[in-house]
Amino acid sequence: MDFSAKHMEFVLICYGISAFMLLAMTITIVMRSKQRDRQLAVLEKARGKKHHKETS
Amino acid sequence: MARIEKFANPTRFLRLQEAVQPWVTIITVLLFAAGLYFALVKAPADYQQGETVRIMFVHVPAAWGATMVYMFMAISSAIGIIFRHPLADLSAKAAAPIGAVFTFLALVTGALWGKPMWGTYWVWDARLTSFFVLFLLYLGYIAVWQAIDDYHRAAKIAAIVALVGAINVPIIKFSVEWWNSLHQPSIMSSSGSSVHSSILIPLLIMVAAYSFLFLTLHLLAIRSELRKRKIQQLQLAQAQKV
């Protein structure tokens, strides 16, 4: 790839925007998934404790 | 249909998702690595477009992803309406933001290619306008889910939006044949491809990379939506006990 070629700035901006958007989307989806996994684990743990108290 | 029904069970789907997720993630990373190597290092500059041809390696896969995801969303919505498959609506909902990002990228990279090649960022011709309509359809679909609290009502209205909007997909595909357009016709036809293999191979690898990225993120997004519903059910049960 010739970095001194004509219109190279358009090529670099395209790759930059694509990388940024795809990475941002990936990070958002992964983080949200992890956050919900954690939230669910906490709720299920709390429910398990409550259920244990009620039965004993 | 029995096969589809088999995965209607969220627990079974989650088990499958956990098993498949690492493999599709690895394939996605490898495809992007190979695709970018071929696109940025191996592919030659075009004799007419020069280095600008490299924009095609991110523009075409994004455009392919945008239409493919919309069709997937429309089919999922149809399955949701006809067979009342519990995962179908969630699948369509989870796909929409990914499709919207692909559409946005196709529009932006297309505009950035248009400026040096056509002398303008944007023209209101059939292909560009129908693609812009696709972006608005994605936003409308996402807005329906955001605006309506009742899950079943939101799913029904969103499915109708997705199905009505599916009419736009063939319009996008055939717009360059039906109307005069600045946009070039399809590079793939029944008689083969009009593009040299040195450009076609990286292009196809990048298309596969975007498709696998969709699969990777979509599986995670469905898992996230299932978790969200479960959290809401548990919170509701707790509130009712109190």
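**Architecture of the two-chain model**

Read from the N terminus, the elements of chain B follow the order α-α-α-α-α-α-α-β-β-α. That makes eight helices and two strands in chain B, while chain A has one helix and zero strands. The structure described here is a predicted model. For the complex, the predictor reports an ipTM of 0.88 and a pTM of 0.91. Chain B has a mean pLDDT of 90, with 93% of its residues at 70 or more. As a general caution for newcomers, predicted coordinates should not be read in detail where pLDDT is low.

The overall dimensions offer a good place to start. Along the principal axes, the C-alpha atoms of chain B fill a box of roughly 70 × 35 × 35 Å. Chain B contains 242 residues, of which 37% count as buried. In chain A, with its 56 residues, 12% count as buried. The contacts inside chain B can also be sorted by sequence separation: among those with a separation of 6 or more, 77% are between residues 24 or more positions apart.

The two chains meet through 30 residues of chain B and 27 residues of chain A. On the chain B side, helix 2 (10-42), helix 4 (86-118) and helix 8 (197-241) each supply at least two residues. Helix 8 of chain B gives the most to this side, with 11 residues. By class, the residues of chain B that touch chain A comprise 19 nonpolar, four polar and seven charged.

Helix 2 of chain B, one of the contributors to that side, also has a bend to look for. A kink of about 40° is located at Val20(B), shortly before the proline Pro22(B). Within helix 2 of chain B, the residues Phe13(B), Thr28(B), Gly35(B) and Ala39(B) are buried. Helix 3, helix 4 and helix 8 of chain B are among the elements that cover the buried residues of helix 2.

Another pairing within chain B involves helix 5 (residues 126-147) and helix 7 (residues 168-178), whose axes come within 8 Å and cross at roughly 170°. Because angles over 145 degrees count as roughly antiparallel, helix 5 of chain B is described as roughly antiparallel to helix 7 of chain B. From helix 5 of chain B, the contact draws on Ala126(B), Arg127(B), Ser130(B), Phe131(B), Val133(B), Leu134(B) and Leu137(B). Helix 7 of chain B answers with Asn168(B), Ile171(B), Ile172(B), Ser175(B), Val176(B) and Trp178(B). Sorted by class, this contact has nine nonpolar, three polar and one charged residues.

Ile172(B) gives a closer view of this pairing from its place in helix 7 of chain B. It counts as buried because 20 C-beta neighbours lie inside 10 Å, and the cut-off for a buried residue is 20 or more. Neighbours within four places in sequence aside, Ile172(B) is in contact with Thr67(B), Arg127(B), Ser130(B), Phe131(B) and Leu134(B). The C-alpha atom of Ile172(B) is also 7.7 Å from that of Ala126(B), although the two residues are 46 residues apart along the chain.

Gln146(B), which has its place in helix 5 of chain B, offers another setting. With 9 C-beta neighbours inside 10 Å, Gln146(B) counts as exposed, since the class takes in residues with 12 or fewer. A distance of 12 Å separates the C-alpha atoms of Gln146(B) and Pro97(B), which are 49 residues apart along the chain.

Finally, the backbone holds two points of interest. Most residues other than glycine have a negative phi. His7(A) is not a glycine, yet its phi is positive, at about 65°. His7(A) sits in the segment before helix 1 (8-55) of chain A, and it is partly exposed, with 17 other C-beta atoms within 10 Å. In chain B, Arg84(B) likewise has a positive phi, of about 55°, without being a glycine. Arg84(B) belongs to the loop between helix 3 (56-83) and helix 4 of chain B. There, Arg84(B) is exposed, with 12 other C-beta atoms within 10 Å.

How values were computed. Residues are numbered from 1 along each chain as its sequence is written. Chains are lettered from A and ligands numbered from 1 in the order in which they are written. This is a predicted model: local features need pLDDT of at least 70, side-chain atom pairs count only at pLDDT 80 or more; totals for chains, interfaces and linings use all residues. Two residues are in contact if their C-beta atoms, placed from the backbone, lie within 7 Å. Helices (H or I, at least four residues) and strands (E, at least two) are DSSP runs, numbered from the N terminus. Ala, Val, Leu, Ile, Met, Phe, Trp, Tyr, Cys and Pro count as nonpolar, Asp, Glu, Lys and Arg as charged, and the others, Gly among them, as polar. Axes are lines fitted to C-alpha atoms, for helices over the stretch in contact, and angles run from 0 to 180 degrees between N-to-C directions. Angles under 35 degrees count as roughly parallel, over 145 as roughly antiparallel, 65 to 115 as roughly perpendicular and the rest as oblique. pLDDT is the predictor's confidence in each residue, from 0 to 100. The bend at a residue is the angle between axes fitted to the seven residues ending there and the seven starting there.
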